[in-house]
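Here are my notes on the model, as numbered points. Please keep the structure open while you read.

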Amino acid sequence: MFFLKFAGEMSKVQVYGKWHNVPRKQVTFGDEGLTYTFSGITLSPKPWLPVLDLIRERVQMATGHIFNFVLINRYKDGNDHIGDHRDDEKELLPQSPIASVSFGACRDFIFKHKDSRSKHSVRKIEPVKLELEHGSLLMMNFPTNVYWYHSLPVRRKVLAPRVNLTFRKIKPRKQI
């Protein structure tokens, strides 16, 4: 078993110009010299821990993709969540996939098409719900983040914690 300290520096995010408390704990690890900016905060990842490097190697073997960064979210129970969003930050290597590994409680993961998110949408595309179980690996390949928003909604009946590792390909600072 390994333990991670989830940083207080990531306790607030900016959404539509307003600052909000993050309803989960977060920490980042990655290759030296990378930065990642989302929701008004810029992060420099901590150096890889041996256990995270091992998980990364297994994910790379399973997917055939190389990753240089991981964002880890810890959800204490079903009240911790993340709202609809797309991972479209400028630091992400264009058209690169995101590999998501889940540990702990099974949680619903919802995809909503960008053209059918509002009440007055022109298109009617039903949301897609996946149950992410302990040990599951989800690949979000291009162009998923172009057309689909995703979320981990509140599920009050979930009482156990969940840790999710999202492996990404970040551009070195020189390329941004």
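1. Start with Gly135. At 49% relative accessibility, this glycine counts as partly exposed, because the partly exposed class runs from 20% to 50%. Gly135 sits in the loop between strand S10 (128-132) and strand S11 (137-140). Setting aside residues up to four places away in sequence, Gly135 touches Ser102 and Phe103. Its C-alpha atom is 7.9 Å from that of Gly104, and the two residues are 31 apart along the chain. Bear in mind that this is a predicted model.

2. Next, the five-stranded sheet. This open sheet has the order S3-S6-S13-S8-S11, with antiparallel pairing. S3 and S11 are the edge strands, and each pairs on one side only. On average, neighbouring strands of this sheet are turned by 20° against each other, direction ignored.

3. How many residues of strand S13 are buried? Six of the seven are, so the strand (residues 162-168) is largely enclosed by the rest of the structure. S13 pairs with strand S6 (residues 69-75) in the antiparallel sense, over seven bridges. S13 also pairs with strand S8 (residues 98-104), again antiparallel, over six bridges.

4. Look at Leu165 in S13. Ile72 stands opposite Leu165. Val101 has Leu165 as its bridge partner too. Leaving out neighbours within four places in sequence, the contacts of Leu165 include Leu52, Ile55, Val70, Ala99 and Phe103. Ile72 and Val101 are also among the contacts of Leu165.

5. Now the outer pairings of this sheet. Strand S3 (residues 25-30) is mostly covered, with five of its six residues buried. S3 and S6 pair in the antiparallel sense over six bridges. Here Gly30 stands opposite Phe69 in S6. At the other edge, S8 and S11 pair antiparallel over four bridges. Ile98 faces Met140 of S11 in that pairing.

6. Which strands does helix H1 lie across? They are S3, S6, S8, S11 and S13, and H1 runs at about 60° to S13. H1 also matters for the next point.

7. The largest nonpolar core has 13 residues. Phe29, Val59, Val70, Ile72, Leu165 and Phe167 touch the most other members. S3, H1, S6, S8 and S13 each give two or more residues to this core. H1 gives the most, with three residues.

8. On to the aromatic rings. There are four aromatic pairs in the count. One of them is Trp48 with Phe167: the ring centres are 6.5 Å apart and the planes stand at 5°, so the pair is stacked. That pair links distant parts of the chain. Trp48 lies in the loop between strand S5 (41-43) and helix H1 (50-63), while Phe167 is in strand S13, 119 residues apart. Both Trp48 and Phe167 are buried. The rings of Phe109 and Phe111 have centres 5.2 Å apart and planes at 85°, so this pair is edge-to-face. Phe109 and Phe111 are both buried.

9. Which residues do ring pairs link into a cluster? The members are Trp48, Phe67 and Phe167. Trp48 has a charged partner as well: Arg56 lies over the face of Trp48, at 3.9 Å from the ring centre.

10. Finally, the four-stranded sheet. This open sheet runs in the order S7-S12-S9-S10, with antiparallel pairing. Strand S7 (82-85) and S10 stand at the edges with a single partner strand each, so one side of each is left without a neighbour in the sheet. The twist averages 15° from one strand to the next. Strand S9 (residues 107-113) and strand S12 (residues 148-152) run antiparallel and are joined by four bridges. Lys112 has Tyr149 in S12 as its bridge partner. Arg117 lies over the face of Tyr149, at 3.7 Å from the ring centre.

How values were computed:
Residues numbered from 1 in each chain as written. Predicted model: local features only at pLDDT ≥ 70, side-chain atom pairs only at ≥ 80, totals over all residues. Heavy atoms only, no water. Buried < 20%, exposed > 50% of the residue type's maximum accessible area, 1.4 Å probe, protein only. Pairing = 2+ DSSP bridges. Phe/Tyr/Trp six-rings, centres within 6.5 Å; stacked < 30°, edge-to-face > 60°. Lys NZ or Arg CZ within 6 Å of the ring centre and 35° of its normal. Contact = heavy atoms within 4.5 Å. Axes fitted to C-alpha atoms, helices over the stretch in contact; angles between N-to-C directions. Core = buried A, V, L, I, M, F, W, Y, C linked by side-chain atoms within 4.5 Å.
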